[in-house]
Amino acid sequence: MRTSIATVSLSGSLTEKLTAAARAGFDGVEIFENDLLASPLTPEEIRARCADLGLTIDLYQPMRDIEAVPAEEFARNLRRARHKFELMDRLGADTVLVCSSVSPLAADDDALAAGQLSQLADLAQDFGIRVAYEALAWGRHVSTYDHAWRIVEAAGHPALGTCLDSFHILSRSSDPKDLEGIEDIPGEKIFFLQLADAPLLGMDVLQWSRHHRCFPGQGGFDVAGLVKHVLRTGYDGPLSLEVFNDVFRQAEAGPTAVDARRSLLILQEEVGIRALPEPAAPTGVAFAELVTHDAEPVAALLAGLGFARTARHRGKPVELWEQGEARVLVNTGPAARRDGTSLTALGLESPDPAAAARRAEALLAPVLPRRRAAEDAPLDAVAAPDGTELFLCATNRPGLPNWRADFADVPHAPAASDAVRIDHVALTQPWHHFDEAVLFHRGVLGLDAQESVDVADPYGLLRSRAVTNADGSVRFPLTVGAAPGDDTAHARHIALATDDVVAAARRFTEAGGRLLPIPANYYDDLAARFEFADGELETYRDLGILYDRDAHGVFRHCYTHTVGRVFLELVQRDGGYQGYGAANAPVRLAAQHAAR
Ligand SMILES: O=C(O)c1ccc(O)c(O)c1
Ligand SMILES: [Mg+2]
């Protein structure tokens with residue numbers, strides 16, 4: 001099926017929007033009136049630009065407050081419509097969207113609405129134009145798709161059909177029963193289908209729509225379920241994204257358009273009209289890679305935590321540190337960034353690295369060179385939206401390229417056994433990459449997205465949403481919201497699973513490590529909220545161990561100091577605790593700001 005995107009979904013000038021849409025591989029666009037009004041190009045030039053870019057103009061929109069008004073008002077509306085149809089003729093657009101009226105002049109009178117829309121369609125037909133009538137969720141009298149369809153059906157005009165918009169429909173009801181009526185509409189009377197997702201927020205629907213729409217797969221709506229109903233009607237028009245979103249309005253158009261297209265590809269797969277290489281969800285974290293221009297503080301930190309430096313890359317300045325199943329690479333090569341120590345790459349244990357890379361490529365993720373040097377194992381690797389390199393690994397699995405073989409063992413004392421593996425890696429995201437990152441980890445890597453939680457930082461409000469695999473052996477909390485210059489809130493961290501966080505914390509401090517000091521007020525509050533064994537709370541207070549409990553179990557965790565933009569965490573999960581200590585995050589963030 002053809003894919004389209006509304007210009008309102010992208011930032012920039014109309015020219016920038018069109019270029020981004022074409023580059024990302026869309027077949028067409030919906031031109032928003034405001035984008036045209038603000039453009040220095042004539043309608044003919046816009047038409048030519050679209051043609052040059054290989055884009056069709058699938059829709060012109062919106063036309064507002066047309067129907068169910070007194071006769072004199074409707075005469076004015078028709079005059080306005082004639083102007084727009086002349087414009088559309090120059091533009092070469094053959095479908096116009098009319099949204100249900102929000103005007104106080106509009107009457108609650110379906111017969112009047114049908115009659116006037118029919119007259120509008122008569123005029124449109126003279127220009128070879130079709131009118132697609134859409135129920136805005138906040139329309140004055142018409143706010144549901146079935147109501148809009150009843151009016152279109154009553155009008156019975158060949159140039160009048162309906163436009164279905166997933167936001168307007170799903171924001172009003174997500175009850176599958178309420179969607180079944182879609183299949184009562186003949187496919188040829190659905191003139192257009194607009195798709196948007198949104199986080200499930202309890203707020204005024206107009207504000208929700210204008211600020212929080214996102215691409216399918218990024219929010220909480222079952223957009224694919226709705227599309228399945230629409231496809232059963234025989235609808236064969238475009239799948240078009242119409243997303244009003246404050247972040248996408250600011251972010252660069254190019255990456256947003258790619259994100260949008262990825263969302264549609266995944267949606268097409270979900271509804272069974274596109275085959276993609278199957279997801280091969282990661283089964284573990286093979287390693288986390290830190291780059292630094294100064295290995296000393298990083299080495300001290302890892303050694304303090306009980307890691308042993310076990311091997312060195314055969315061709316590059318990269319060292320492997322290991323403890324249990326936890327592996328950290330420390331890279332002091334040219335990749336070391338200006339901005340100091342940071343976490344820039346992850347190794348994901350993959351059941352089928354090549355297939356996982358094929359899926360990522362099919363979903364427009366940049367595929368990185370397989371070999372960094374001639375003698376290296378040919379590792380499949382892709383870049384996440386924020387540039388983090390993801391290596392798809394088959395560690396020590398016979399017959400598959402093994403990254404470990406690129407490393408030569410070096411003599412070392414045995415590692416401690418405090419940390420058994422990487423519990424999670426917190427991947428803070430740039431402000432404009434959050435929804436995109438969620439979709440990427442979900443749709444490309446095959447991870448599941450958990451609920452989004454808000455976390456108060458002293459200097460801002462962060463949003464955090466974890467993506468995980470089925471057995472919890474891969475957990476990446478994705479976080480966004482820190483101001484661009486806020487290195488503290490932007491720091492990423494590696495959390496190490498331990499069976500005894502108290503022993504691990506003691507070992508670390510005895511080895512000279514500094515744990516993040518936590519204010520006494522926090523422990524007074526803990527004492528009020530939970531009951532502890534004698535001396536237990538004092539131990540936590542002395543060491544800076546934080547405590548949380550959920551319906552499943554208990555979580556105890558503590559943090560190292562930060563090196564550059566990286567720190568480590570020791571975590572002990574007992575009894576199937578599911579979270580990441582979000583309740584403690586504000587205290588942790590405040591302590592980190594203070595430590596800086
Ligand atoms: O927010 C609006 O007014 C608006 C306009 C046109 C649309 O297609 C829509 O879904 C919403
Ligand atoms: Mg719409």
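**Note on a predicted two-domain model with one ligand shell described**

1. The centres of domain 1 and domain 2, taken over C-alpha atoms, lie 42 Å apart. Domain 1 covers residues 3-270, and domain 2 covers residues 280-512. The reader should keep in mind that this is a predicted model.

2. The contact between the two domains involves 16 residues of domain 1 and 11 residues of domain 2. On the domain 1 side, helix H11 (246-250) and helix H12 (253-270) each provide at least two of the residues that touch domain 2. The greatest contribution to that side comes from H12, with 8 residues. By class, the side of domain 1 that touches domain 2 consists of 9 nonpolar, 4 polar and 3 charged residues.

3. As to confidence, the mean pLDDT of the protein is 96, and 99% of the residues reach at least 70. The highest confidence falls in strand S5 (residues 130-134), at a mean of 99, and the lowest in helix H16 (residues 487-490), at 87. For the model, the ipTM is 0.99 and the pTM is 0.94. As a general caution, predicted coordinates should not be read in detail where pLDDT is low.

4. Ligand 1 is surrounded by Gln61, Pro62, Leu97, Cys99, Glu134, Leu136, Asp165, Gln194, Ser209, Arg210 and Glu242. Divided by class, this shell holds 4 nonpolar, 3 polar and 4 charged residues. Three elements each contribute at least two residues to the shell around ligand 1: strand S3 (56-63), strand S4 (95-99) and helix H9 (205-212).

5. Strand S15 (residues 389-393) deserves separate comment. Of its 5 residues, 4 are buried, so strand S15 is largely enclosed by the rest of the structure.

6. Strand S15 has a parallel partner in strand S13 (residues 342-349), to which it is joined by 5 bridges. Within this pairing, Leu348 has Leu392 of S15 as its bridge partner.

7. An antiparallel pairing links S15 with strand S14 (residues 380-383), over 4 bridges. Here Val382 is placed opposite Leu390 of S15. S14 and S15 together make a hairpin, with 5 residues between the two strands. In the turn, Gly387 has a positive phi of about 95 degrees.

8. For a reader new to the structure, three places merit inspection. These are the side of domain 1 that touches domain 2, to which H12 gives the most residues; the shell around ligand 1, with Arg210 and Glu242 among its residues; and strand S15, which pairs with S13 in the parallel sense and with S14 in the antiparallel sense.

Note on methods
Residues are numbered from 1 along each chain as its sequence is written. Chains are lettered from A and ligands numbered from 1 in the order in which they are written. This is a predicted model: local features need pLDDT of at least 70, side-chain atom pairs count only at pLDDT 80 or more; totals for chains, interfaces and linings use all residues. A residue is near a molecule or strand if its C-beta atom, placed from the backbone, lies within 6 Å of it. Ala, Val, Leu, Ile, Met, Phe, Trp, Tyr, Cys and Pro count as nonpolar, Asp, Glu, Lys and Arg as charged, and the others, Gly among them, as polar. pLDDT is the predictor's confidence in each residue, from 0 to 100. Domain bounds come from an automatic or database domain assignment. Two residues are in contact if their C-beta atoms, placed from the backbone, lie within 7 Å. A residue is buried if 20 or more other C-beta atoms lie within 10 Å of its own, exposed if 12 or fewer, and partly exposed in between; C-beta atoms are placed from the backbone. Two strands pair if DSSP finds at least two bridges between them.
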